[in-house]
Amino acid sequence: MHLLRRRPLSSVPAEAILRVAVWSAFLVIINFTSADPDLWGHVRFGADILRNGSIHQVDTYSFDSDRPWVNHEWGAEVLAAWAFGTMGSAGLVSLKLLIVGSVLLLLNRTLRQEGVRSGFARDATAGIAIVITLAQAHHVRPQLFSLLFFSVLIACLLAVRRGAQRWLLVLPPLFAAWANLHG
């Protein structure tokens, strides 16, 4: 019988072990989530939209409920309400991790396309991005979508600069989504 052969630990490159350790630390940092003061309002507004099937024109939870209201974050609120309704607080954290993870994957992909071959350089750039966006990424807020969409915008513009004009077609739907997820 042929048994599975394992590579001895000494044959695993030190760089690979270091990269796994670094990304494990990144995951711990990114996973930390604190409740933003507006979180439950966003979840409530999103739940109201899901329940009623329409975007409210008045903030009925506010002292100025007699005035028109433009909810410019209704899309993010619907997603937050869905995530919370599906999995509770873990759903909100999962939504955040999905968004931040997408930003980091897009960053890595874009750096590769721009010719950055060094895994260390890409990891260092991801670390810098995490530190710079930490204030926004510690919370489940509509601003997370701006981090993602800004990353998509930069990736599209860099692709156009490399000659891939078709990426300009992504921009109108990107801006339409952006305006309704975090205007």
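The exercises below work through a predicted model of a protein.

**Exercise 1.** Find how many helices and strands the protein has, and the pattern they follow along the sequence.

*Solution.*
Step 1: Counting the elements gives seven helices and zero strands.
Step 2: Reading along the sequence gives the pattern α-α-α-α-α-α-α.

**Exercise 2.** Compare the radius of gyration of the protein with that of a compact globule of 183 residues.

*Solution.*
Step 1: For a compact globule of 183 residues, a value near 16 Å would apply.
Step 2: The protein itself has 20 Å.
Step 3: As for its extent, the C-alpha atoms fill a box of roughly 70 × 45 × 35 Å along the principal axes.

**Exercise 3.** Describe the largest nonpolar core and state which helices supply it.

*Solution.*
Step 1: This core has 27 residues.
Step 2: Those with the most contacts inside it include Leu92, Phe149 and Leu174.
Step 3: At least two core residues come from each of H1 (14-31), H2 (39-52), H3 (74-87), H4 (89-113), H5, H6 and H7 (171-181).
Step 4: Leaving out residues up to four places away in sequence, Leu174 touches Phe149, Val152 and Leu153.
Step 5: In the protein as a whole, buried residues make up 34% of the 183 residues.

**Exercise 4.** Locate His139 and list what surrounds it.

*Solution.*
Step 1: His139 sits in the loop between helix H5 (119-137) and helix H6 (143-161).
Step 2: Beyond four places in sequence, His139 touches Ser34, Ala35, Asp36, Lys96 and Leu144.
Step 3: With Ser34, the side chain of His139 reaches the backbone oxygen at 3.2 Å.

Conventions: Residues numbered from 1 in each chain as written. Predicted model: local features only at pLDDT ≥ 70, side-chain atom pairs only at ≥ 80, totals over all residues. Heavy atoms only, no water. Helix = DSSP H or I, 4+ residues; strand = E, 2+ residues; numbered from the N terminus. Polar contact = N/O pair within 3.5 Å; in protein donor to acceptor, adjacent residues only side chain to side chain. Contact = heavy atoms within 4.5 Å. Core = buried A, V, L, I, M, F, W, Y, C linked by side-chain atoms within 4.5 Å. Buried < 20%, exposed > 50% of the residue type's maximum accessible area, 1.4 Å probe, protein only. Rg over C-alpha atoms; globule rule 2.2 N^0.38 Å.
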